[in-house]
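Thanks for coming, everyone. I'll take a few minutes to walk you through a structure that may be new to you, so have a look at it first.

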Amino acid sequence: MADILERPAAAAPVIPTIRAVTFGDVKASLMAGLSDFSRAPAFGLFFGAVYALGGLLIVACVFALDLGYLAYPLFAGSVLIGPFVAAGLYDVSRELEAGRTPSWGGVFSTIFAQRKRELGWMAFVSIFAFIIWMYQVRLLLALFLGFASFATLQDFVRVLFTTTDGLSFLAVGHVVGAALALGLFSISVVSFPLLMDRDLDVVTAMITSVQVVLLSPGPMIAWGVTVVALLLIGAVPAFLGLIFVLPVLGHATWHLYRRAVVPAQ
């Protein structure tokens, strides 16, 4: 009993200090992301190619299974896991920021080491959100279009844009999807680089991320819209543009995190 009473209490988690983000910070982060990509292009091209290849595989699979109508929601949902794919780029930016030359061994060692840290749980949150995303798509399809099958993607597009049920599905689907995306964006926008940078628990990281969004809603939502817009643009030419878009956004995310969260003392 005495041992229990004398045992020191566990230290409370250190809550990161945040600061307001401006539209100028968003622009500066994008420019810094472009600069990091130009300074270490091989890393960016590698991770960008992995992301682009994933997009191509998704599209190939759904068309092979005659589920072409799921290609758009699947790709839109894949945006949700982009921050996890870009995790290696955060380490590259951290090395460049410290004046060191990033190495392949160092970057992959850092990524591999995350299996023992909280970043894996954040990845699980993103994957779970992706699953929920696809379930709500299937639910809305059943509610508005029934369980009808579509012979071709053209048939599905025709139903979407020429029928009341199709237009209703589009409207409600985008509203629900935007709400889910905003929720995940809020809990993850700085969580991934924060967990790469510090030894924190995933709940603290998510709370910090939400606080950043609430403190600067305008600039942070503008950042989210910018990310989605650039990823969509990058996906247009057979996903090849993502090879260049993802690394810029990944590096920029690190710099936005550094502007939004005060460095640890």
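**Starting at the tail end**

Let's begin with Val-261, which is buried, with a relative accessible area of just 1%. Where is that in the chain? Val-261 sits in the segment after helix H14. Keep in mind as we go that this is a predicted model.

So who surrounds Val-261? Not counting residues up to four places away in sequence, Val-261 touches Pro-16, Thr-17, Ile-18, Arg-19, Arg-198, Thr-208 and Val-212. Then there's Val-190: it is 71 residues from Val-261 along the chain, yet their C-alpha atoms are separated by 8.4 Å.

Okay, let me step back to the whole chain for a moment. We have 14 helices and zero strands. Reading along the sequence, then, you get α-α-α-α-α-α-α-α-α-α-α-α-α-α. The C-alpha trace spans about 70 × 55 × 35 Å along its principal axes. Of the 265 residues in the chain, 45% are buried. As for the outside, the chain exposes about 13700 Å², and carbon and sulfur atoms supply 73% of that.

One more overall number. Take the contacts between residues at least 6 apart in sequence: 78% of them join residues at least 24 apart. Val-261 and Val-190 gave us a taste of that kind of separation, being 71 residues apart along the chain.

**H14 and its partners**

Now for helix H14, which runs over residues 242-260. I'll go through three of its packing partners, starting with H13, residues 217-235. These two pack at an angle of about 165°, with their axes 8 Å apart. Anything over 145 degrees counts as roughly antiparallel, and H13 and H14 are therefore roughly antiparallel to each other. Their crossing is left-handed. On the H13 side you'll find Met-220, Trp-223, Val-227, Leu-230, Leu-231, Gly-234 and Ala-235, and they meet Leu-242, Val-245, Leu-249, Ala-252, Thr-253 and Leu-256 in H14. By class, the residues of that contact come out as 11 nonpolar, two polar and no charged.

Next partner: H3, residues 41-64. Here the angle is about 120° and the axes are 7 Å apart. H3 and H14 are therefore oblique to each other, and they cross in a right-handed way. From H3 we have Gly-44, Leu-45, Phe-47, Gly-48, Ala-49, Tyr-51 and Ala-52, meeting Leu-242, Ile-243, Phe-244, Leu-246 and Pro-247 in H14. That contact has 10 nonpolar, two polar and no charged residues.

The third partner is H6. Its axis and that of H14 come within 8 Å and cross at roughly 60°, and that makes H6 oblique to H14. The crossing is right-handed. From H6, the contact uses Leu-89, Tyr-90, Val-92, Ser-93, Arg-94 and Glu-97; from H14, it uses Leu-246, Pro-247, Gly-250, His-251, Thr-253, Trp-254, His-255 and Arg-258. What about charged residues this time? The contact of H6 with H14 has three of them, along with six nonpolar and five polar.

**A closer look at H6**

How much of H6 is tucked away? In this helix, residues 87-97, 10 of the 11 residues are buried, so it is largely enclosed by the rest of the structure. The buried ones are Ala-87, Gly-88, Leu-89, Tyr-90, Asp-91, Val-92, Ser-93, Arg-94, Glu-95 and Leu-96. Yes, that list includes Asp-91, Arg-94 and Glu-95. Just after the helix, Gly-99 takes a positive phi of about 80°.

**Two residues to find on screen**

First, His-255, in helix H14. His-255 is buried, at 15% relative accessible area. Leaving out residues up to four places away in sequence, His-255 touches Ser-29, Ala-32, Gly-33, Asp-36 and Ser-93. Ser-93 should ring a bell, as one of the buried residues of H6.

Second, Asp-197, in helix H11, which covers residues 191-197. Buried or partly exposed? At 24% relative accessibility, Asp-197 counts as partly exposed. Setting aside neighbours within four places in sequence, Asp-197 is in contact with Arg-94, Trp-254, Tyr-257 and Arg-258. Arg-94, Trp-254 and Arg-258 also came up in the contact between H6 and H14. Last of all, Asp-197 and Pro-263 are 66 residues apart in sequence but 9.6 Å apart in space, C-alpha to C-alpha.

That's my tour, so over to you.

Note on methods:
Residues numbered from 1 in each chain as written. Predicted model: local features only at pLDDT ≥ 70, side-chain atom pairs only at ≥ 80, totals over all residues. Heavy atoms only, no water. Axes fitted to C-alpha atoms, helices over the stretch in contact; angles between N-to-C directions. Helix = DSSP H or I, 4+ residues; strand = E, 2+ residues; numbered from the N terminus. Parallel < 35°, antiparallel > 145°, perpendicular 65-115°, else oblique. Left-handed = near helix turned anticlockwise from the far one by under 90°. Contact = heavy atoms within 4.5 Å. Nonpolar A, V, L, I, M, F, W, Y, C, P; charged D, E, K, R; others polar. Buried < 20%, exposed > 50% of the residue type's maximum accessible area, 1.4 Å probe, protein only. Areas by Shrake-Rupley, 256 points an atom, 1.4 Å probe, with all protein chains shown as cover.
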